[in-house]
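This report covers one strand, its pairing partners and the helix that follows. The sequence and the model are shown first.

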Amino acid sequence: MGSMDDKHKVVEQSDLLPLLFDGLDGVDVLTVFDVGPAVPETVDFFAQFKCKLFFADLFSELPTGEQSGDGVADFGDLSTYSNETRFDICLFWDYLNYLDIGTLRAFNLALTPYIHEDTRAHCFGTFNRRAPVSSQAFGIRQIDQLVIRNVPAHRPPYHPRGYAELKDILGCFRFSRSTLLREGRLEILMYAS
């Protein structure tokens, strides 16, 4: 995915990220699923909790060129997790914007067995579909701060997804809130449906 050096990182405030953790005080072991690579800030942030971190780095397995979603994608290690695994928090970052409709539906089906009634998720969609696309890696610096790094890696075709479209396809979640960020990005908070 490229270098994760500090000179290319930006810290951005998040109003929704703190809500992701509301009501999780009583969870004995927090189980977190992150579709991105293990960035240092996220690892450090979750070190304050008793938790299990699942970093899947699904970005490295994105289809390239004209490949399309046919529902056959295995989404990396997701299909190999124990049947008892249930995620409390899912961090999708902007991954969902790189999946075509068929692959996004397949991802929803693959993820559903790992969701429980109090699972919550965070992702980025788009408000302005014409906004420039940049290859980025995300992490959590503090409960209300995200770290965003531009990475030199070229990613496959981008399929900008708005709030309504994601809501229609990701049936395992109900969409709770969204906030418009710079450059037409939407920050979205979801809860298990």
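Buried here means a relative accessible area under 20%, computed for protein chains only with a 1.4 Å probe. The model is predicted, and local features are taken only where pLDDT is at least 70.

## Strand 4

Strand 4 spans residues 87-93. By the cut-off above, 7 of its 7 residues are buried, and the strand is mostly covered.

## Pairing partners

Strand 4 is paired with strand 2, residues 30-34, through 3 bridges, and these two strands run parallel. Within this pairing, F33 is placed opposite C90 of strand 4.

Strand 5, residues 115-126, is also a parallel partner of strand 4, with 5 bridges between them. Here I89 faces R120 of strand 5 as its opposite residue.

## The crossover

From strand 4 the chain passes through helix 3, residues 101-111, before reaching strand 5. This β-α-β crossover is right-handed.

## N108 in helix 3

One residue of helix 3 is N108. Is N108 buried or exposed? Its relative accessible area is 10%, so N108 counts as buried, because the cut-off for that class is under 20%.

A polar atom of the N108 side chain lies 3.3 Å from the backbone nitrogen of G171. With neighbours within four places in sequence left aside, N108 is in contact with I169, L170, G171 and C172. G171 therefore appears both in this contact list and in the polar pair with N108, a pair that falls within the 3.5 Å limit for a polar contact.

Definitions and conventions: Residues are numbered from 1 along each chain as its sequence is written. This is a predicted model: local features need pLDDT of at least 70, side-chain atom pairs count only at pLDDT 80 or more; totals for chains, interfaces and linings use all residues. Side-chain values use heavy atoms; hydrogens and water are left out. Buried means under 20% relative accessible area, exposed over 50%, partly exposed in between (1.4 Å probe, protein chains only). Helices (H or I, at least four residues) and strands (E, at least two) are DSSP runs, numbered from the N terminus. Two strands pair if DSSP finds at least two bridges between them. A crossover is right-handed if, with the strands pointing away from the viewer, the path from the first strand over the helix to the second runs clockwise. A polar contact is a pair of N or O atoms within 3.5 Å; within protein, one must be able to donate a hydrogen and the other to accept it, and residues adjacent in sequence count only if both atoms are side-chain atoms. Contact means heavy atoms within 4.5 Å.
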